[in-house]
Amino acid sequence: MISTGPGAPLVVTEVPVPIAGQGQVLVKLESCGICHSDLHLRDETLPNDAYPRVFGHEGIGRVVAVGAGTFKAPTIGARVGLPWLYDTCLACKPCRSGLENYCPTQQARGVEQDGAFAEYAVLEARFACEIPDQIDPITGAPLLCAGLTAWSALKRSKLEAGQNVLIIGAGGLGQYAVLIAKARGARVIVVDQDPAKLQTAQNLGADLGILAGPEAGAAVRQAGGADVTLNFAPTPRVWQTIKDAVNPLSDIVAVALVDDPVDLSMLWLIDGGHRVYGSSVGTRQDLLDFLNFAAQNPLAVNVETVPLDQVNHALDRLQAGDVAGRLCVDFSL
């Protein structure tokens with residue numbers, strides 16, 4: 001499925017099977033999750049006008065070839081993941097500090113390099129992550145971005161068991177966050193504008209669901225307030241809810257892609273001792289840790305399958321908010 005330009009529908013196209021070069025492996029895809037980031041990529045302009053491009057960054061498949069001269073690569077037949085992070089320089093300070101997801105010269109799958117909405121894709125061997133046997137490729141594919149993003153955001157916070165976690169946005173990412181936060185011993189409060197998504201979050205274990213609106217923050221405070229807040233809602237309107245909801249010394253983690261500024265007062269930060277920061281997907285080690293966690297703690301988010309040629313329709317459904325959990329390409333369909 002190839003993007004030929006900004007805003008254009010993805011086109012089913014026959015292309016040559018990629019050849020794995022030195023340091024790479026070739027993967028035959030079994031599945032690929034469909035992410036909101038793919039929707040942004042389809043409808044906006046890629047950096048450097050890098051078309052044509054294959055999107056998709058939640059891929060799982062089997063290694064079918066290893067590039068000549070490649071060392072320390074997964075073996076033929078190994079099941080591996082193809083996540084957002086394609087590769088990085090591994091030499092800058094973030095890379096040397098184990099935070100390669102903040103490398104200024106990183107390349108992303110589906111942005112600078114072709115992604116996994118294809119039957120075959122190449123994978124840098126040094127960025128290969130083997131998938132535990134307990135993880136099914138369909139339900140496991142969205143873990144590579146949606147689940148990992150929720151995991152890493154919580155990992156970066158100072159969350160302790162017994163604290164209150166506020167999750168704003170109960171779509172796929174928010175649902176993974178509910179399950180992970182509950183597994184870490186948190187009390188979970190969810191805010192969303194869709195009553196059905198609030199019910200889904202509560203079915204997954206959220207302790208309280210609150211309908212989004214001008215009074216939502218006060219309702220969170222009345223319920224005990226937020227010690228950690230994760231924002232998955234792509235709108236600056238939620239900032240007032242966050243300010244009204246948080247307890248002193250809170251962590252506020254920005255995850256949703258929100259370009260517009262919010263009214264952040266330095267005095268408010270000082271008086272409350274809050275920490276406000278962003279979290280971007282996750283590192284290779286984060287992914288390994290999370291997959292091992294998910295192998296032992298199955299995350300029961302609903303995953304609906306579609307064939308590869310229905311990716312455009314699936315992205316339209318995401319845009320319309322017509323998805324209960326996550327969508328995933330099943331290459332066997």
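This report walks through three helix settings and three single residues in a predicted model.

## Helix H4: enclosed

Helix H4 spans residues 146–156. Nine of its 11 residues are buried, so the rest of the structure largely encloses H4. The buried residues are Ala-146, Gly-147, Leu-148, Thr-149, Ala-150, Trp-151, Ser-152, Ala-153 and Leu-154.

Both helices and strands help to cover these buried residues. The helices include H5 (172–183) and H10 (284–296). The strands include E10 (164–168), E13 (226–231), E14 (246–254) and E17 (326–330).

## Helix H6: buried on one side

Helix H6 covers residues 195–203, and its buried residues are Lys-197, Leu-198 and Ala-201. These three span an arc of only 105 degrees around the axis, so they sit on the same side of H6. The general geometry of a helix is useful here. An α-helix has 3.6 residues a turn, so residues three or four places apart point the same way. Pro-195 and Asn-203 are exposed on the other side of H6. Cover for the buried residues comes from H5, strand E11 (187–192) and strand E12 (208–211), among others.

Both ends of H6 have a local detail. At the start, a side-chain oxygen of Asp-194 comes to within 2.9 Å of the backbone nitrogen of Ala-196. Just after the helix, Gly-205 adopts a positive phi of about 125 degrees.

## Helices H1 and H11: a crossing pair

Helix H1 (residues 36–43) packs with helix H11 (residues 311–320). The angle is about 105 degrees, and the axes are 10 Å apart. H1 is therefore roughly perpendicular to H11.

From H1, the residues in contact are His-36, Asp-38, Leu-39, Arg-42 and Asp-43. From H11, they are Asn-312, Leu-315, Asp-316, Leu-318 and Gln-319. By class, this contact holds three nonpolar, three polar and four charged residues.

## Leu-308: in the loop before H11

Leu-308 sits in the loop between strand E16 (303–306) and H11. Phe-331 is 23 residues away along the chain, yet the C-alpha atoms of Leu-308 and Phe-331 are separated by 6.6 Å.

Leu-308 also contacts other parts of the chain. Leaving aside neighbours within four places in sequence, its contacts are Met-1, Phe-117, Ala-118, Val-329 and Phe-331.

## Arg-79: a buried charged residue

Arg-79 belongs to strand E5 (residues 79–82). Its relative accessibility is 16%, so Arg-79 counts as buried; the cut-off is under 20%. Its side chain makes a polar contact of 2.9 Å with the side chain of Glu-30.

Glu-30 is one of several contacts that Arg-79 makes beyond four places in sequence. Ile-60, Gly-61 and Arg-62 are among the others. So are Cys-129, Glu-130, Ile-131, Ile-135 and Pro-137.

## Glu-100: buried in a loop

Glu-100 lies in the loop between helix H2 (93–96) and strand E7 (107–108). At 4% relative accessibility, Glu-100 counts as buried. A polar atom of its side chain lies 2.8 Å from the backbone nitrogen of Arg-284.

Not counting residues up to four places away in sequence, Glu-100 touches Leu-85, Thr-88, Pro-94, Cys-95 and Gln-106. Glu-100 also touches Phe-127, Thr-283 and Arg-284.

How values were computed
Residues numbered from 1 in each chain as written. Predicted model: local features only at pLDDT ≥ 70, side-chain atom pairs only at ≥ 80, totals over all residues. Heavy atoms only, no water. Buried < 20%, exposed > 50% of the residue type's maximum accessible area, 1.4 Å probe, protein only. Helix = DSSP H or I, 4+ residues; strand = E, 2+ residues; numbered from the N terminus. Contact = heavy atoms within 4.5 Å. Axes fitted to C-alpha atoms, helices over the stretch in contact; angles between N-to-C directions. Parallel < 35°, antiparallel > 145°, perpendicular 65-115°, else oblique. Nonpolar A, V, L, I, M, F, W, Y, C, P; charged D, E, K, R; others polar. Arc of directions from axis to C-beta. Polar contact = N/O pair within 3.5 Å; in protein donor to acceptor, adjacent residues only side chain to side chain.
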